[in-house]
Amino acid sequence: MQALTNLYNELQKENIVLENLNIANHKAATINIEKDFAVFVDYDKITTLDDEFNVVSHEYGHCATGTTHKVCSPYELISRHEYRANRHAIYKFLPFEKFKEAHYKGYDEFWEIAEYLDLPEKFVRLAYDIYAKEGKL
Amino acid sequence: MIFLKKLDNLISEKKITRNKMLKDLSLGTNSFVNWQERNTIPSGETLSKIADYFNVSVDYLLGKTNNPAPPDSDITFDDFTFAFYEESKTLTEEDKENLLDMARIFNQRRKERQRKDGE
């Protein structure tokens, strides 16, 4: 999957540290110290390339938007951060123009768009939700 | 033996050789043979020297922890922010331990990077 290579290139370009670590209850986490970011991924919990892309691109979104929080932060803030991380990942790896292009070529089902764009179907569904919420669809 | 495995990893990460490390620390040229063949670990003093040389803790060298950071660089929840993938409303004690581990590892990487940049 080319998108996965692009994603890891972005991490490298942005000097984001990537570590493989056993994490008890989660597939991944982002840590921010001062202006630096690290993404920790428990690759033992990642089963497919699609899953890997979904997880790492979301964490990349946290790094790129600086949406990390302290322990005991209100859940409303955490939810907003989750949304912004997802939205950034979508803008970066599935911009609306690409989404439209797939539609114009006659691909309507999520799985068809995913196949055409070589992206995970879950990621395409997320993009649809975000663009629909923005009134673009 | 965990100690030797950890040590070889550190040597390889630092892109040096066993001999270079022994020379830098003024340790005997047969040290590795002794540790390997007699299945022993170095004395406390030597372990400390090796830990300082690689900027890791003795516990890390002995495989007692996965956190390479020496004890004086400990980190608290005030020193970092985070986001878990699919975070739930409440963090478990295990989550909090994981967070501190990750922050320590990351802080260690940052220090290594700063050291390299300064060289």
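This talk describes how two protein chains, A and B, meet in one structure, and how each chain is divided.

Good morning, colleagues. Please keep in mind throughout that this is a predicted model.

I begin with the division of the chains. Chain A is split into domain 1, residues 1-93, and domain 2, residues 95-137. The centres of these two domains, taken over C-alpha atoms, are 21 Å apart. For chain B, the assignment gives domain 1 as residues 2-61 and domain 2 as residues 79-118. Here the C-alpha centres of the two domains lie 27 Å apart.

Let us turn to the interface between the chains. In total, 35 residues of chain A are in contact with 29 residues of chain B. The two chains bury about 2,900 Å² between them, and carbon and sulfur atoms give 59% of that area. Three residues of chain B, namely Thr81(B), Tyr85(B) and Phe106(B), supply 27% of the area that chain B buries against chain A, which is more than any other three residues supply.

What kinds of polar interaction are found across this interface? There are 3 salt bridges between chain B and chain A. One salt bridge brings together the side chains of Asp36(A) and Arg110(B), with 2.8 Å from N to O. In addition, 15 residue pairs are in polar contact across the interface, with both residues at pLDDT 80 or more.

Which elements of chain B supply at least two residues each to the side that touches chain A? They are β1, residues 81-84, and α6, residues 93-118. Of these, α6(B) gives the most, with 13 residues. By residue type, the side of chain B that touches chain A comprises 13 nonpolar, 5 polar and 11 charged residues.

The strand β1(B) deserves a further remark. It is joined by 4 bridges to strand β2 of chain A, residues 28-33, and the two strands run antiparallel. Within this pairing, Ala83(B) in β1(B) stands opposite Thr30(A).

I now move inside chain A, to the interface between its own two domains. There, 15 residues of domain 1 are in contact with 13 residues of domain 2. The area buried between these domains of chain A is about 1,300 Å², with 65% of it from carbon and sulfur atoms. On the domain 1 side, Tyr83(A), Ile90(A) and Tyr91(A) lose the most area to domain 2, together 44% of what that side buries.

How many salt bridges cross between the two domains of chain A? The count is 0. Polar contacts are found there, however, in 2 residue pairs with both residues at pLDDT 80 or more. Two or more residues each come to the domain 1 side of this interface from α1 (2-13), α2 (49-65) and α3 (75-93) of chain A. The largest share, 8 residues, comes from α3(A). That side divides into 8 nonpolar, 4 polar and 3 charged residues.

Finally, a word on salt bridges in the structure as a whole. Over all chains, the structure holds 14 of them. One joins the side chains of Lys13(A) and Glu10(A), at 3.2 Å from N to O. These two residues are 3 positions apart in helix α1 of chain A, so about one helical turn separates them.

Thank you for your attention.

How values were computed: Residues numbered from 1 in each chain as written. Chains lettered and ligands numbered in written order. Predicted model: local features only at pLDDT ≥ 70, side-chain atom pairs only at ≥ 80, totals over all residues. Heavy atoms only, no water. Contact = heavy atoms within 4.5 Å. Buried area = accessible area lost by both parts, 1.4 Å probe. Salt bridge = Lys/Arg side-chain N within 4 Å of Asp/Glu carboxyl O. Polar contact = N/O pair within 3.5 Å; in protein donor to acceptor, adjacent residues only side chain to side chain. Nonpolar A, V, L, I, M, F, W, Y, C, P; charged D, E, K, R; others polar. Pairing = 2+ DSSP bridges. Domains from an automatic or database assignment.
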